[in-house]
Amino acid sequence: MNEQLNHENVQHAMQPEDTPELRALYKGFEEESLIPLWTQIGDLMPVHPKSQAVPHVWKWSKLLPLAERSGELVPVGRGGERRAIGLANPGLVPNAYVSPTLWAAIQYLGPRETAPEHRHSQNAFRFVVEGEGVWTVVNGDPVRMSRGDLLLTPGWHFHGHHNDTDHPMAWIDGLDIPFSQQMDVGFFEFGSDRVTDYATPNYSRGERLWCHPGLRPLSALDDTIASPIGAYRWEHTDDALTQQLLLEDEGQPATVELGHAAIRYVNPTTGGDVMPTIRCEFHRLRAGTQTAQRQEVGSTIFQVFEGRGSVVLNGDTRNLEKGDMFVAPSWIPWSLQAETQFDLFRFSDAPIMERLHFMRTRVEGQR
Ligand SMILES: [Fe+2]
């Protein structure tokens, strides 16, 4: 019943007659930098989230050649800092924001190149859909970047990247830049013009200390707001998903829905999200699986890691293949369909929405 009564169909309320006196009143508002609520309420308090961001798909087959061409034409170094090309949501231009809270970019580093060290308040991660040969040095700890790995650079950690090979490498970056800009929380500082450690170990010091399942070092009992793990390796992600589907085959509860295995990357000190503003997950669908339609407060971005399928995004079906990325803005319905086994990396601003108690979720078929 109340659904029927909203700002859109109650047109008669508070619409005063257009008179010279009313125009003078509105001119008085304008001169004193005032705007009355009654002319704005439909935008300020919508019945449900109505993002200016739009659902959108970026094709890897278009992104990668443009990144490669940037590698030929644009040097990397101090000032520009990174050869990163932002995915600009068409609803949010001229900003290079993929959503109102999140930034996503393809970054490209040529053979033997170094991206200089810096640090900033913004939280960042990298996900590698293909390639290897780059180490990211985070607070002095060299972290190998390889296919399928999630690499973290939490806020205010120094970081630079260097390519130790004779071939280029591309990956995606995710950051909370739009949120930080809207909230005016950003600080930035230059570090070394090179990276501080050119060693190329297979495993970072953080992984050697922390990455033993269920085991916490007694030297590190204080919880940290961001995960102390610099790299979440593909071998672990892959095995976790494989085991969920095998358990499902055995009739055991393991998957989120039939044919849909999924994991969340977590901070081992808290069991919570890897960083205070960004949630990261990985999803695997069996061939032929279709997920339930979901709507969530906040924005989410997916990248296909392997396989073929499609997303139904606000009613439109879009085919997806390796490397393709899409954004679902707040409350836009989405569901996934797997043609082959379908592996997808996902990130979102859910930690912000949950901590501030704005989160709502609607799943088709559930109350
Ligand atoms: Fe950075």
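**Exercise 1. Work out the strand order of the open sheet that contains β4, and state which strands lie at its edges.**

Solution. In this predicted model, five strands form an open sheet, and reading across it gives the order β7-β6-β9-β4-β11, with antiparallel pairing. The next step is to look for strands that pair on one side only, and these edge strands are β7 (141–146) and β11 (188–190). From one strand to the next, the twist averages 25°. To follow one of the pairings in detail, take strand β4, residues 114–120, which runs antiparallel to β11 and is joined to it by three bridges. Within this part of the sheet, His120 stands opposite Phe188 of β11.

**Exercise 2. Describe the surroundings of strand β17, beginning with the directions of its side chains.**

Solution. Strand β17 covers residues 309–313, and its side chains alternate: Gly309, Val311 and Leu313 point to one face and are buried, whereas Ser310 and Val312 point to the other face and are not buried. Turning to its partners, β17 pairs with strand β18 (residues 316–320) in the antiparallel sense over five bridges, and in β18 the bridge partner of Val312 is Thr317. The hairpin of β17 and β18 has two residues between the strands, and in this hairpin Asn314 takes a positive phi near 55°. Strand β20 (residues 334–338) also runs antiparallel to β17 and is joined to it by five bridges, with Ala338 of β20 as the bridge partner of Gly309.

**Exercise 3. Locate the largest nonpolar core with respect to the domains, and explain why it lies there.**

Solution. Begin with the domain assignment, which divides the protein chain into domain 1 (2–44), domain 2 (56–210) and domain 3 (233–363). The largest nonpolar core has 70 residues, and those with the most contacts inside it are Val98, Trp103, Ala104, Phe125, Phe127 and Ile301. Strand β3 (residues 103–109) gives the most to this core, namely six residues. Because domain 2 and domain 3 both give residues to the core, it lies between them. Ala104 serves as an example: leaving aside neighbours within four places in sequence, its contacts include Leu87, Val98, Ile301 and Met325.

**Exercise 4. Characterise the contact of domain 2 with domain 3.**

Solution. The centres of the two domains, taken over C-alpha atoms, are separated by 22 Å, and the contact takes 30 residues from domain 2 and 28 residues from domain 3. On the domain 2 side, the elements that give two or more residues are β1 (56–58), α3 (60–73), β5 (124–127), β8 (150–153) and β10 (169–175). The largest share, three residues, comes from β1. Sorted by class, this side has 18 nonpolar, eight polar and four charged residues.

Definitions and conventions: Residues are numbered from 1 along each chain as its sequence is written. This is a predicted model: local features need pLDDT of at least 70, side-chain atom pairs count only at pLDDT 80 or more; totals for chains, interfaces and linings use all residues. Domain bounds come from an automatic or database domain assignment. Two residues are in contact if their C-beta atoms, placed from the backbone, lie within 7 Å. Helices (H or I, at least four residues) and strands (E, at least two) are DSSP runs, numbered from the N terminus. Ala, Val, Leu, Ile, Met, Phe, Trp, Tyr, Cys and Pro count as nonpolar, Asp, Glu, Lys and Arg as charged, and the others, Gly among them, as polar. Two strands pair if DSSP finds at least two bridges between them. Axes are lines fitted to C-alpha atoms, for helices over the stretch in contact, and angles run from 0 to 180 degrees between N-to-C directions. A nonpolar core is a set of buried Ala, Val, Leu, Ile, Met, Phe, Trp, Tyr and Cys residues joined through C-beta atoms within 7 Å. A residue is buried if 20 or more other C-beta atoms lie within 10 Å of its own, exposed if 12 or fewer, and partly exposed in between; C-beta atoms are placed from the backbone.
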